[in-house]
Amino acid sequence: MSAGRAIVIGYGNPLRADDGAAGEVIEGLSRLQPHAAEWRLNMQLLPEMADDLQKYDRAIFVDCSVEFPPGIVNCKAVERRAETDTTFTHHLDPATLLGLTHTLFAKSPEGFLVSIGGEDFAAREGVSPQVKASLSEAKQMVLDILAKGEVACTSTR
Amino acid sequence: MPKQIMIDPVSRIEGHAKITIELADDGNVSDAHFHITQFRGFEKFCEGRPFTEMPSLMARICGICPVSHLVASAKACDAIMGVNTPPTAADLRRIINLAQLVQSHALSFFHLSSPDLLLGMDSDPAQRNLFGVVQANPKLALDGIKLRKFGQHIIELLGGKRIHPAWVVPGGVSDPLTTEHRDEMLAMIPEAMEISLRSVAWLKSTFADYAEEIETFANFPSAFMGLVSPEGGLEHYDGKLRIVGANGDIIANGLEPNDFPNYIGETVEPYSYLKSPYYKPLGYPDGIYRVGPLARLNIVDMVQTPRAAAEFEVFRGPKRKIVLSSFHYHHARLIEILYAIETIEAILRDPEILSDRVRATAGPNFFEGIGVAEAPRGTLMHHYRIDKDGLITWANLIIATGHNNLAMNKGVLQVARRYIKGPEIPEGALNRVEAVIRTFDPCLSCSTHAVGRMPLHIQVVNRAGKLLNEVSRN
């Protein structure tokens, strides 16, 4: 199933080593396939993004995560969250953002999260070797979701 | 009965802080303090860097108001170079500065303070946040999101990205404005204006519900400081500094911003990493003053744009009364958003805004430079010294929030005394103590730069609160 209109949002701090992994993915793919989606990169997810998300059929979020071993690429479908237990707008997750979008606009895109396992979050630029080695896989995951809308969960490595 | 109440962390502000409230034996509030618990050190670690790096370095102080630091820093570098920026560059800097003001004020009002105003100061804390506003009044929440996006998108169109744009540089800006981007910005104006007018009307409709808060939220006589235009109107980029007293008398006028070290002093209190500026001729702490939207509307004689001017008439009234209650920072903030949108439109409609003459170039010609501009939260001052190679040898930053440090502490004490009577301490009372801080919209990450001879006051108390030992330094 094609993506319809799709937006890909990478987020993370490029000055905190592996947290900049999403930036590498977005910058690479936006150069490679500029018209495949709307490509966005930001330090964090913000409530204002709801106004952008409501215009799209599919949203893919890309981040670096400590939930997975370094270099492992995982993706999952994201269900919008109807309510939130967070009062902290400095930390917004994709499910809450999609829920916010739906509450405000009575619609929200189909959501996916591509996470790259990271381990080094020191104050420096550049991702660690293990994360660097997984960037191609992460990029391919994003392209697969754009093309097919299917979920391939966990890396084969 | 507790002897000390601590609110840690203070919620719905930018940065990290705590509030301590001391109770006397009768349960009434004897003292209160606002503690900034962050330490940054920008003034120190920029030493040795080329002065041309300073705008980019200083922008990293903050993710909410990086443009303010870009502008003030670039102006300080302009002074070191000894250049006048081309008029179009000055106007482009004005636009990005005002766009940031819009998005920052929108964040403060809609995301941080509207939960209190819409849901009530005593409402369920679990709901008293942006998401509670979304549930209770989605239209209000959406207005805030769109207004914030308006400001952020202008910053992105001009600077290439929303946070830490690099486009403001010593001497001007790095690239001229394209026709396409100019037209895109103009197309956004009508919706932003409509939202702003709707928002100010909504805020005024809440005043009747908050009469007591208006009376007690940092409502005390103080001076007010800010930049004014040559005709005595609002000014956020250039102009001269003016200080007005609580009764409306002008204490000082036409102050050269570059001379600020001669009339603004700083001190450090032991309970906070936030420095405390004061007006030197009046000494410390009598030289307390407030800055920011409330101050800016108190010091001006008029507002130059029609819709903002109409609201200014309501704000100050026909007798131009000085507004002392910090609760009305909210109203002032929304009036400034109106002014910013109108001014951005006026500048964009001038054909000269598309000129490609946007940067003056030179090497360092002076060993010292000062740059002053109005940030969303108040007057921002950057002061640098360099060596013969153009490397920074010394830097001092006086941040908008720092100017308000003494006033915020006074406000916390005033509200605590009014709403905390002991032994029962309702949650709404503690929220009001936080809410008075929110009226100032402090940016604490920006404002903490005290380093060096740091005063320390340490008290060791036992479980019962009895003082066991006490040590002071500096």
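Is A:Ala17 best counted as buried, partly exposed or exposed, and at what relative accessibility? At 1% relative accessibility, A:Ala17 counts as buried, where buried means under 20% relative accessible area, exposed over 50% and partly exposed in between, with a 1.4 Å probe and protein chains only.

This is a predicted model, in which local features need pLDDT of at least 70 and side-chain atom pairs count only at pLDDT 80 or more, while totals for chains, interfaces and linings use all residues. Residues are numbered from 1 along each chain as its sequence is written, chains are lettered from A and ligands numbered from 1 in the order in which they are written, and side-chain values use heavy atoms, with hydrogens and water left out.

**Backbone points to look at**

A:Ala17 has a positive phi although it is not a glycine, and B:Arg320 likewise has a positive phi without being a glycine. The table sets out both residues; helices (H or I, at least four residues) and strands (E, at least two) are DSSP runs numbered from the N terminus.

| Residue | Phi | Loop | Relative accessibility |
|---|---|---|---|
| A:Ala17 | about 50° | between strand 1 (6–11) and helix 1 (21–32) of chain A | 1%, buried |
| B:Arg320 | about 55° | between helix 10 (306–316) and helix 11 (329–348) of chain B | 28%, partly exposed |

Chain B also holds a cis peptide bond, joining B:Tyr284 and B:Pro285, with omega at about 5°. You will find B:Pro285 in the loop between strand 10 (275–279) and strand 11 (289–290) of chain B.

**Where the chains meet**

The contact (heavy atoms within 4.5 Å) draws 19 residues from chain A and 18 residues from chain B. Between them the two chains bury about 1,700 Å², 67% of it on carbon and sulfur atoms; buried area is the accessible area (1.4 Å probe) that two parts lose on being put together, summed over both. On the chain B side, B:Phe131, B:Ile145 and B:Lys149 lose the most area to chain A, together 35% of what that side buries.

The rule finds four salt bridges across this interface, each a side-chain nitrogen of Lys or Arg within 4 Å of a carboxyl oxygen of Asp or Glu. One pair to look up is A:Asp51 and B:Lys146, whose side chains meet in a salt bridge at 3.3 Å, N to O.

Helix 5 (130–136) and helix 6 (138–159) of chain B each supply at least two residues of the side that touches chain A. Helix 6 of chain B gives the largest share, eight residues.
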